[in-house]
Amino acid sequence: MYEKAILKISHIEAHTDLLGPYDRFVIWVHGCCFDCEGCLAQNTRFGAYDEMPVSRLALQIIASGCEGITVSGGEPFLQAQALARLVSEIREHRDIGVIIYSGFTREELEARPECTGLLHQADILIDGRYIRELDDGRAYIGSSNQRLHYLTDRYRESGERYYSASRRRAEIKFSSDRVTLIGVPSAEVLKIWQDIKLKNGGISDDF
Ligand code: SF4
């Protein structure tokens, strides 16, 4: 039924509220078929990645206790079947919410049979390419052409509050071997981030 049971993953982060309501487990998948000018996720396109068995990641997410997952990238629908299997495996054990950021529009996804399984499992889809000229600083969404679709009622109330925030939030996290930017940054945070990258000679990762 599913063609692949392996996911190419650039980064995972448990317990963050920077990419959706409630406590989330965020997965940044590797690889993208688009080339948006000003893309802030370069590392998911050209950086290192892990090949992770779906079942192992499912167990990790179940054990995390997070309310839901957010899948970003990269382009999640390039790995639609493996992600659909991931969601199914988790939901066999407990109910979780699913938010997906995609460069494809909803209409493009609905026209691609290989994508509809995952699309039908999502509670929220944030769709469309990032267009730098249309980056209006809206919280949690990169540019004004991108649309937020409530595909189920799960997040309708919490999402109305969450996505109407007046400003963006992002975190810069330091560890022993990397500095990581998580979230959709404001212009001020982006400037700080670019300075950090320059000073660190390229060991930083943006997601
Ligand atoms: S779709 Fe997202 S990850 Fe892909 S190039 Fe555009 S901004 Fe970057």
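## The two sides of helix H5

In this predicted model, the residues Pro113 and His120 of helix H5 are exposed, and they lie on the other side of the helix from its buried residues. Those buried residues, within a helix that runs over residues 113-121, are Cys115, Leu118 and Leu119. Because they cover an arc of only 105° around the axis, they fall on the same side of H5.

The buried residues of H5 have three packing partners, namely helix H3 (80-91), helix H4 (106-110) and strand S6 (124-127).

## The nonpolar core

Leu118 of H5 also appears in the largest nonpolar core, which has 46 residues and in which Ile69, Leu83, Leu86 and Leu118 are those with the most contacts. At least two residues of this core come from each of S2, helix H2 (54-64), S4, H3, strand S5 (97-101), H5, S6 and strand S9 (179-183). H3 provides the largest share, with 7 residues.

Which residues is Leu83 in contact with, once its neighbours within four places in sequence are left aside? The contacts of Leu83 are then with Leu7, Val71, Pro76 and Leu118, the last of which is one of the buried residues of H5.

## Surroundings of the ligand

The ligand is surrounded by 14 residues, and the closest of them are Cys32, Cys36, Cys39, Gly103 and Tyr130. Sorted by class, the shell around the ligand is made up of 6 nonpolar, 4 polar and 4 charged residues.

## Backbone features in loops

The peptide bond that leads from Gly73 to Gly74 is cis, with an omega near 10°. Gly74 belongs to the loop that lies between strand S4 (68-72) and H3.

Two tyrosines have a positive phi although neither is a glycine: the value is about 70° for Tyr22, and it is likewise about 70° for Tyr140. Tyr22 is placed in the loop between strand S1 (6-16) and strand S2 (24-29), whereas Tyr140 is found in the loop between S6 and strand S7 (147-150). Are these tyrosines buried or exposed? Tyr22 counts as exposed because it has 12 C-beta neighbours inside 10 Å, a number that still meets the limit of 12 or fewer. Tyr140, by contrast, is buried, because 23 other C-beta atoms lie within 10 Å and the cut-off for burial is 20 or more.

A further loop, between helix H6 (156-163) and strand S8 (170-174), holds Ala165, which counts as exposed because it has 11 C-beta neighbours inside 10 Å. Ala165 and Ser176 are 11 residues apart in sequence, and their C-alpha atoms are 33 Å apart in space.

## The chain as a whole

The protein chain contains 7 helices and 10 strands. Its radius of gyration is 16 Å, close to the 17 Å that the globule rule gives for 207 residues, and the chain is therefore as compact as a globular protein of that length. The C-alpha trace of the protein chain spans about 45 × 35 × 30 Å along its principal axes.

Of the 207 residues of the chain, 38% count as buried. When contacts between residues at least 6 apart in sequence are considered, 68% of them join residues at least 24 apart; one of the contacts already described, that of Leu83 with Leu7, links H3 to a position in strand S1 (6-16).

How values were computed:
Residues numbered from 1 in each chain as written. Predicted model: local features only at pLDDT ≥ 70, side-chain atom pairs only at ≥ 80, totals over all residues. Helix = DSSP H or I, 4+ residues; strand = E, 2+ residues; numbered from the N terminus. Arc of directions from axis to C-beta. Contact = placed C-beta atoms within 7 Å. Near = placed C-beta within 6 Å. Nonpolar A, V, L, I, M, F, W, Y, C, P; charged D, E, K, R; others polar. Core = buried A, V, L, I, M, F, W, Y, C linked by C-beta atoms within 7 Å. Rg over C-alpha atoms; globule rule 2.2 N^0.38 Å.
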